[in-house]
Amino acid sequence: TYDLSKAAHPPPASVTFPEGTYVNEKDGSILVPVAAGEAVFGSPDGQGSDDERPQFRASLPGYTLAAHPVTNAQWRRFVRVTGRHPSGLHGAYAGPSKSDHPVVCVSWEDAQAYCKWAGLRLPTELEWEKGARGTSGREYPWGKAWDPTRCRNRRSSGTEATCGIWEYPAGRSPYGLFHMSGNVWEWCADWHYAKAYKRYARGELTPPTTGSTRVLRGGSWYVGAD
């Protein structure tokens, strides 16, 4: 019942999304609803790194997440309209043949600027994680077992390159989101704090207010499961 014809990159006919999905008019992003409610976050004892533990349950309000990463075509439009030319980003977007690939070499500050221009915002780390894993605590968007054929990674394609946003449909998250694992790393709004999940597990869900680095999630075309 939704119309995605005005999206910056309309999906193939075989790709569908949950009720309530819509297109952001400013940049053409497809925004997918993530319903309010409880989800499992973090890693159980013996898995993951220390800053991913403990595993806990928490409830988040409803929100939306983009169906796919911001593309080269979307980024080029942002640069053209705003005149923003970040230094050191000469490789940030490629030619027409990769217009539907995710943009790379974008700093956290520039990601923030893009969101502000588009009338959007970066997700918190918990919002990102729920969108990627669903509510049951699965380890990967598609389930609990690593499968290199379901996302763009260093073992999946034999090439060191990004891929188009509608590739790897078998790797979509429970909400239908593409590339929440692999292809390119994705910025979250939060400062990184090694003990954040320990605090969240106590019910204190306010993100860290200071730090020296920002949170990246999702993996990339040049790394594997390890």
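This report describes the pockets, a buried helix, the charged pairs and some backbone features of a predicted model.

## Two pockets

The largest pocket holds about 1100 Å³ of space, and its lining is made up of 43 residues, with Glu 52, Glu 139, Tyr 140, Arg 217 and Gly 218 lying nearest the centre. Helix α3 (125-133), helix α4 (196-201) and strand β7 (214-217) each supply at least two residues of this lining, and α3 gives the most, with 5 residues. Sorted by class, the lining of the largest pocket has 16 nonpolar, 15 polar and 12 charged residues.

The second largest pocket holds about 900 Å³ of space and is lined by 36 residues, of which Pro 69, Val 70, Leu 122, Glu 186 and Trp 187 lie nearest its centre. At least two lining residues come from each of β5 (63-66), α2 (108-118), α3 and β6 (186-191), and the largest share, 4 residues, is that of β5. In the second largest pocket the lining has 28 nonpolar residues, together with 4 polar and 4 charged ones. Helix α3 thus appears in the lining of the largest pocket and also in that of the second largest pocket.

## Helix α3 and its charged residues

How many residues of α3 are buried? The helix is mostly covered, with 9 of its 9 residues buried, and among them are the charged residues Glu 125, Glu 127, Glu 129, Lys 130 and Arg 133. Glu 125, Glu 129 and Arg 133 are linked with Arg 217 in a network of salt bridges, and Arg 217 is also one of the residues that lie nearest the centre of the largest pocket. As general background, an α-helix has 3.6 residues a turn, so residues three or four places apart point the same way. Just after α3, Gly 134 takes a positive phi of about 80°.

Lys 130 of this helix is touched by Ala 35, which also touches Gly 62 and Tyr 175 when residues up to four places away in sequence are not counted. Ala 35 lies in the loop between β2 (30-34) and β3 (37-41), and it counts as exposed because its relative accessibility is 52%, with the cut-off set at over 50%. The C-alpha atoms of Ala 35 and Cys 151, 116 residues apart along the chain, are separated by 25 Å.

## Salt bridges and an unpaired aspartate

The count of salt bridges in the model comes to 10, and three of the pairs are set out below.

| Pair | Closest N to O distance |
|---|---|
| Arg 53 and Asp 50 | 3.8 Å |
| Asp 110 and Arg 84 | 2.5 Å |
| Arg 150 and Asp 147 | 3.1 Å |

The salt bridge between Asp 110 and Arg 84 links distant parts of the chain, with Asp 110 in helix α2 and Arg 84 in the loop between α1 (72-82) and α2, 26 residues apart. Asp 110 counts as buried because its relative accessibility is 6%, whereas Arg 84 is partly exposed, with a relative accessible area of 32%. In the pair of Arg 150 and Asp 147, Arg 150 counts as partly exposed at 29% relative accessibility, and Asp 147 counts as partly exposed at 22%.

Which side chain of opposite charge is nearest to Asp 190? Asp 190, whose place is in strand β6, is buried yet has no salt bridge, and the nearest such side chain, that of Arg 214, is 6.6 Å away. Asp 190 nevertheless touches Arg 214, and its other contacts beyond four places in sequence include Thr 124, Glu 125, Tyr 200, Pro 207 and Val 215.

## Backbone features

Most residues other than glycine have a negative phi, and most peptide bonds are trans. The peptide bond from Arg 53 to Pro 54, however, is cis, with omega near 5°, and Pro 54 lies in the loop between β3 and β4 (56-60). Arg 53 is also a partner of Asp 50 in a salt bridge.

Tyr 168, in the loop between α3 and β6, has a positive phi near 60°, and it counts as buried because its relative accessibility is 19%, where the cut-off is under 20%. Asn 183 is likewise found in the loop between α3 and β6; its phi is positive, at about 75°, although it is not a glycine, and at 0% relative accessibility Asn 183 counts as buried.

Terms used. Residues numbered from 1 in each chain as written. Predicted model: local features only at pLDDT ≥ 70, side-chain atom pairs only at ≥ 80, totals over all residues. Heavy atoms only, no water. 1 Å grid on protein atoms, 1.4 Å probe; cavity = no way out; pocket = protein on both sides within 12 Å on 5 of 7 lines; lining within 4 Å. Points joined across faces, edges and corners; volume = space filled by probe spheres on them. Nonpolar A, V, L, I, M, F, W, Y, C, P; charged D, E, K, R; others polar. Buried < 20%, exposed > 50% of the residue type's maximum accessible area, 1.4 Å probe, protein only. Contact = heavy atoms within 4.5 Å. Salt bridge = Lys/Arg side-chain N within 4 Å of Asp/Glu carboxyl O. Lys, Arg positive; Asp, Glu negative; His and termini not counted.
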